[in-house]
Number of protein chains: 2
Amino acid sequence: METAEIIAIGSELLTPHRVDSNSLYLTGQLNSIGIEVDLKVVAGDQETRLEQVARSAVERSPLVIATGGLGPTEDDITRKVFARVLRRQMVLQHDILQTIRDRFRSRGLEMPGNNARQALVPVGARILDNRLGTAPGLWLEKGEGEVVIILLPGVPSEMKAIFEESCLPLLSQRSGGFHLFTRVLRSTGMTESQLDEQIAPIYMPYKNPVTTILSGRGEIQVHLTGRAKSRQEAESLVHEVADRIQVKLGDFIFSTGDQSLEQVVGEFLLRKKETLAVAESCTGGLIAERITRVPGSSRYFMGGVTCYSNPSKVEFTGMPPLLLEMSGAVSAEVAKRLAEGIRDRMGASIGLGVTGVAGPSGGSREKPVGLVHLALAKGDQVEHRECRFSGDRERIRFWASQTALDMVRRRLL
Amino acid sequence: METAEIIAIGSELLTPHRVDSNSLYLTGQLNSIGIEVDLKVVAGDQETRLEQVARSAVERSPLVIATGGLGPTEDDITRKVFARVLRRQMVLQHDILQTIRDRFRSRGLEMPGNNARQALVPVGARILDNRLGTAPGLWLEKGEGEVVIILLPGVPSEMKAIFEESCLPLLSQRSGGFHLFTRVLRSTGMTESQLDEQIAPIYMPYKNPVTTILSGRGEIQVHLTGRAKSRQEAESLVHEVADRIQVKLGDFIFSTGDQSLEQVVGEFLLRKKETLAVAESCTGGLIAERITRVPGSSRYFMGGVTCYSNPSKVEFTGMPPLLLEMSGAVSAEVAKRLAEGIRDRMGASIGLGVTGVAGPSGGSREKPVGLVHLALAKGDQVEHRECRFSGDRERIRFWASQTALDMVRRRLL
């Protein structure tokens, strides 16, 4: 069994407002035991439609995982539809009924009549306990186990608990003991094509691990996934290639795991016993906000100012008014003075200053939308970078914050 | 034609990292002309799998929209697969080839040989111009037009432009002139069940419009969708119910459209000729960042400080050190003093002060994680609110920022 199909059931998933995200979690879990997802379907609570979908899935896929539609109402048709597809009768499972009743009783409530429906399951189903809710998951097999069908609740916490506790161990055995291992290298400061040019000669000769390049907000990620009979083997396949890519990309890589740039910067500041303060204009507080997302950031972040008006630049960073007038608010000089001023006023060891034109209006020929000046003050040195970012206001602000954080990271390398 | 099936094609959509979001946009557009989406499929670039999916779709759905897989590489198999399903030959369209060549030439480049593949289309396809990229969209029909198949690029901007310019008008005609009209009421300050209790008696008697309640970050949205033969009629169905809900919910509603809370607050400030400054502790710059997301916010936002350390509270808002010591950094008195201090120092007419425990650590019995004090200073009045938010750091910070912005909105009503 090497591939799976995931069916998300719920009419709210067919509106413009909700996306099926359960399948992302399930995909990650399945991948880790060597199973790939090769089809995903989103269906509503219309019975004939769902029956078609369920029938095709059971015919074409060795593993089918469906989420949602196990609730107590009329609209919850998942159990019934799969029973019909598998030609199984529905039976009332008294032990499930008792468990549901006990759950209500423990909260001082009587079980509503509706909920009895959740104890009605196809004959031969294995019951997957749900610690967190009333609807148990179900494990069904077709024939001699050629097809496995797993029905899970749509509530993410319940779905995850049941999958990890009751499904993963069994599936792992059945998948022939294959393991996938993924390592992610996150880089910033290079374009996707620059990066690919550098590393393609390294990863191209390998079919295992598989290398995927994904561009995210302000970063390019290199995903390496190895597949082998043991996790150790999968890991070593990945590390062999990943290590060479890491050497090649050097300090463009800011993280080799889940860590965000603001987490990495925080760790560097802590480790080097430095403290940071920021003075932001065009980023409007985004840099401070990103830094303080990290729990414990008060140990190295002294604070920041968002000086959106010229008087506030003067008042809070000691900017000479004449400098603002001579150079203009968006200039290298002002960025540098912001960095030095805020560092001194906050009593930090490193200061960042950012000023630019985030748009959509406010640009001019000499100072177009996307122009950003960044400065970092440390000791008696002040570094400066001038950047021209493209895109909308949100993108320009994010890139400015990303570049500012990366200046701190590189300064502390 | 009242229902549609959407197929998203791309192997990256079958990884744990990417979700198909094009279908959300398409669903919204289709709904607006009375077409509902009743099935969504995500498939990779494996040919036999995609062919099965395409074949089932063409057999069961009157309208099939596929996105992705129209690029110039070997993996881009959408054109080929649908041609096979519809039993059409592929022909090289010289005008498409010329358009692609011209597009490269205008950027001073030669067209790579690969791209010629994008001019190879099924016989009888109607070409949908792509102003923004090289791959045109394709409109195919089966039989006498019983089934319409639309192939669009996966790049969101290209997909949207082609859909709106070339598909929407034609589909609107074919959908029998049905129109859907949706109005969204956005509220904050009430729980979902409180809100539903208030408005259920109003919307329950109606099947048209359909009322859906969605809870989002820091807000509850009420979506009302009416369906009728004309847009006017659909609108008036919706307004009849929406107006009564709006009266019932009163000032809990902050927006009756797409406007975010920060946009609404910005408009109020502009209209009332007030200016704002903020002093944030636990929200770490998030309030300033949200306010400055709005283009033109420099007209009413003077600036903010993120005072993460006690000395910075003293230095930037004139906080008496004794007050900090006596009341503690997380207290009503400190929030009030932050609001007044920042207003005066920034020369604004309204000041906001926020201090709290965002967690996960730093909580105590008297001051647990989630405790936040908020204050608003205007004229010689200082309002104060004490809140206890639940959830993780990110949720507590967001709710604190939402409550602070809502205090400004209510003060200016």
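Two residues are in contact here when they have heavy atoms within 4.5 Å of each other. With that in hand, let's walk through this predicted model, starting where its two chains meet. By this rule, 58 residues of chain A are in contact with 58 residues of chain B. In chain A, the residues that lose the most area to chain B are A:Arg49, A:Tyr308 and A:Phe316, which together make up 13% of what that side buries.

How much area is buried between chain A and chain B? The figure is about 4,800 Å², and carbon and sulfur atoms give 57% of it. Charged pairs take part as well: six salt bridges are found across the interface of chain A and chain B. For a concrete example to look up in the structure, find the side chains of B:Arg49 and A:Asp38, which meet in a salt bridge at 3.1 Å, N to O.

How are the two chains arranged? In general, two copies of a chain are related by a rotation about an axis and a shift along it. Here, a turn of 180° and a shift of 0.8 Å along the axis lay chain A on chain B with an RMSD of 1.0 Å. The two copies are therefore related as by a two-fold rotation axis. The interface fits that picture: 100% of the interface residues of chain A are also interface residues in chain B, so the copies meet through the same surface.

Now let's step inside chain B, beginning with strand S1, residues 3–9. Six of its seven residues are buried, so S1 of chain B is largely enclosed by the rest of the structure. What does this strand pair with? One partner is strand S2 of chain B, residues 36–43, joined to S1 in the parallel sense over seven bridges; within this pairing, B:Ala8 has B:Val42 as its bridge partner. Another is strand S3 of chain B, residues 63–67, also parallel to S1, over four bridges, where B:Glu5 stands opposite B:Val64. Helix H1 of chain B, residues 22–32, joins S1 and S2 in a right-handed β-α-β unit.

Further along chain B comes helix H8, residues 261–271. Its buried residues are B:Leu261, B:Glu262, B:Val264, B:Val265, B:Gly266, B:Phe268 and B:Leu269. What covers them? The cover includes strands S12 (253–255), S13 (276–280) and S15 (350–356) of chain B, along with helices H9 (286–292) and H13 (393–412) of that chain. Just after H8 of chain B, look for B:Lys273, which takes a positive phi of about 55°.

Technical notes:
Residues numbered from 1 in each chain as written. Chains lettered and ligands numbered in written order. Predicted model: local features only at pLDDT ≥ 70, side-chain atom pairs only at ≥ 80, totals over all residues. Heavy atoms only, no water. Buried < 20%, exposed > 50% of the residue type's maximum accessible area, 1.4 Å probe, protein only. Helix = DSSP H or I, 4+ residues; strand = E, 2+ residues; numbered from the N terminus. Pairing = 2+ DSSP bridges. Right-handed = clockwise from strand over helix to strand, strands pointing away. Least-squares fit on C-alpha atoms with pLDDT ≥ 70 in both. Buried area = accessible area lost by both parts, 1.4 Å probe. Salt bridge = Lys/Arg side-chain N within 4 Å of Asp/Glu carboxyl O.
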